[in-house]
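Hi everyone, thanks for coming. Let me bring up the sequence and the structure, and then we can walk through a few spots together.

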Amino acid sequence: MDILLVGCGKMGGAMLRRWLDAMPARFTTVNRSGRALPPGTEHVSGADALDGRRFDAIIIAVKPQQIPDVLPDYTEFLAEGGCYVSIAAGFSAASISKVVGDKPVIRIMPNLPALIGRSVNGLYANSACGPAHRDLADQLAKTTGTAVWLDSEDELDRLTAVAGSGPGYVFEIARSYIAAAEDLGFSRETARALVLETIGGAIEMAARSEDDVAELRNSVMSKKGTTEAGINALRRDGLLDALLKDTTRAAYDRAVELR
Ligand SMILES: NC(=O)c1ccc[n+]([C@@H]2O[C@H](COP(=O)([O-])OP(=O)(O)OC[C@H]3O[C@@H](n4cnc5c(N)ncnc54)[C@H](OP(=O)(O)O)[C@@H]3O)[C@@H](O)[C@H]2O)c1
């Protein structure tokens with residue numbers, strides 16, 4: 001199987017590393033800027049270098065706003081029976097069809113832990129896709145993490161707001177938590193280690209537990225103890241709940257704008 005990857009930045013690059021390790025396919029990557037890419041993929045500088053080639057899948061990994069300008073240069077290289085796979089946030093399969101015509105289009109919404117094989121991937125296939133296209137996308141997703149098939153693009157946009165953008169929220173929360181630890185007198189290095197180990201340990205424990213996370217929270221709060229004092233401050237006036245609702249809603253609204 002021959003696969004063309006158009007766009008190999010942070011997300012395309014993270015996924016490519018996993019695909020090269022795990023998939024029995026040949027990858028060709030459009031790499032305009034000549035950045036260092038993992039060995040095992042053929043690099044080309046643009047569409048001109050692909051004369052006469054045909055690919056079973058063309059993966060679109062440029063920014064959503066760039067798709068209408070970039071994709072028309074590559075449509076002639078899709079093999080008969082091939083499919084487009086887009087990892088772009090928001091930009092709908094219908095909008096991709098406006099550029100490529102009535103072709104099979106699958107959207108995979110990954111997140112950055114694809115780098116370590118822990119991406120949460122949402123998948124959506126348009127009606128032109130058959131079982132072979134869905135199998136390929138399933139394999140592309142599962143070599144980078146998990147695969148959750150969705151019936152509508154609206155669901156995919158909601159998944160984007162929770163999981164696709166989610167690592168960014170977690171990094172921002174961790175940054176703020178580290179700053180708070182520094183404020184209590186720890187060095188930056190110690191604060192980072194304490195916070196990341198605490199978050200990592202707590203999340204892994206929650207993932208392994210059958211208990212609801214609210215029950216886990218209650219299990220570490222003793223009456224008039226230190227955790228209760230901290231949690232009372234964290235939950236003051238429901239600000240945290242409101243903030244996270246606003247956060248995911250803003251990301252969803254942006255995905256809808258990008259459709
Ligand atoms: N980052 C995330 O966490 C994340 C999560 C989910 C989905 N996504 C989606 O992944 C896509 C890529 O995001 P990213 O964060 O990886 O962005 P990025 O790091 O900026 O990468 C974009 C890539 O597009 C390439 N590109 C731009 N114009 C091109 C052209 N005319 N021909 C060929 N390649 C071109 C760039 O190549 P040059 O460097 O050579 O210009 C760059 O490698 C986006 O659609 C985004 O919505 C990202």
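Let's start around the ligand: by class, its shell holds 12 nonpolar, five polar and four charged residues. Here Ala, Val, Leu, Ile, Met, Phe, Trp, Tyr, Cys and Pro count as nonpolar, Asp, Glu, Lys and Arg as charged, and the others, Gly among them, as polar.

Before going on, please keep in mind that this is a predicted model, where local features need pLDDT of at least 70, side-chain atom pairs count only at pLDDT 80 or more, and totals for chains, interfaces and linings use all residues. Residues are numbered from 1 along each chain as its sequence is written, and side-chain values use heavy atoms, with hydrogens and water left out.

So who is in that shell? 21 residues surround the ligand, with a heavy atom within 4 Å of it. The closest are Met-11, Arg-32, Ser-33, Arg-35 and Val-62.

Now the polar contacts, meaning pairs of N or O atoms within 3.5 Å; within protein, one atom must be able to donate a hydrogen and the other to accept it, and residues adjacent in sequence count only if both atoms are side-chain atoms. Which distance separates a ligand oxygen from an N or O atom in the side chain of Arg-32? That one is 2.5 Å. Ser-33 also uses a polar side-chain atom, 2.8 Å from a ligand oxygen, while Lys-10 offers a polar backbone atom at 2.9 Å from an oxygen of the ligand. Taken alone, the ligand exposes 900 Å², and the protein buries 82% of that (Shrake-Rupley method, 1.4 Å probe).

Next, have a look at Asn-31, in the loop between β2 (26-30) and β3 (42-44); strands are DSSP runs of E, at least two residues, and helices runs of H or I, at least four, numbered from the N terminus. Is Asn-31 buried or exposed? It counts as buried because its relative accessibility is 9%, where buried means under 20%, exposed over 50%, and partly exposed in between, with a 1.4 Å probe and protein chains only. A polar atom of the Asn-31 side chain lies 2.8 Å from the backbone oxygen of Arg-35.

Last stop: Lys-224 has a positive phi of about 60° although it is not a glycine. Lys-224 sits in the loop between α8 (213-219) and α9 (226-234), and at 78% relative accessibility it counts as exposed. Asp-237, not a glycine either, has a positive phi of about 55°. Asp-237 is in the loop between α9 and α10 (239-258), and is exposed, at 68%.
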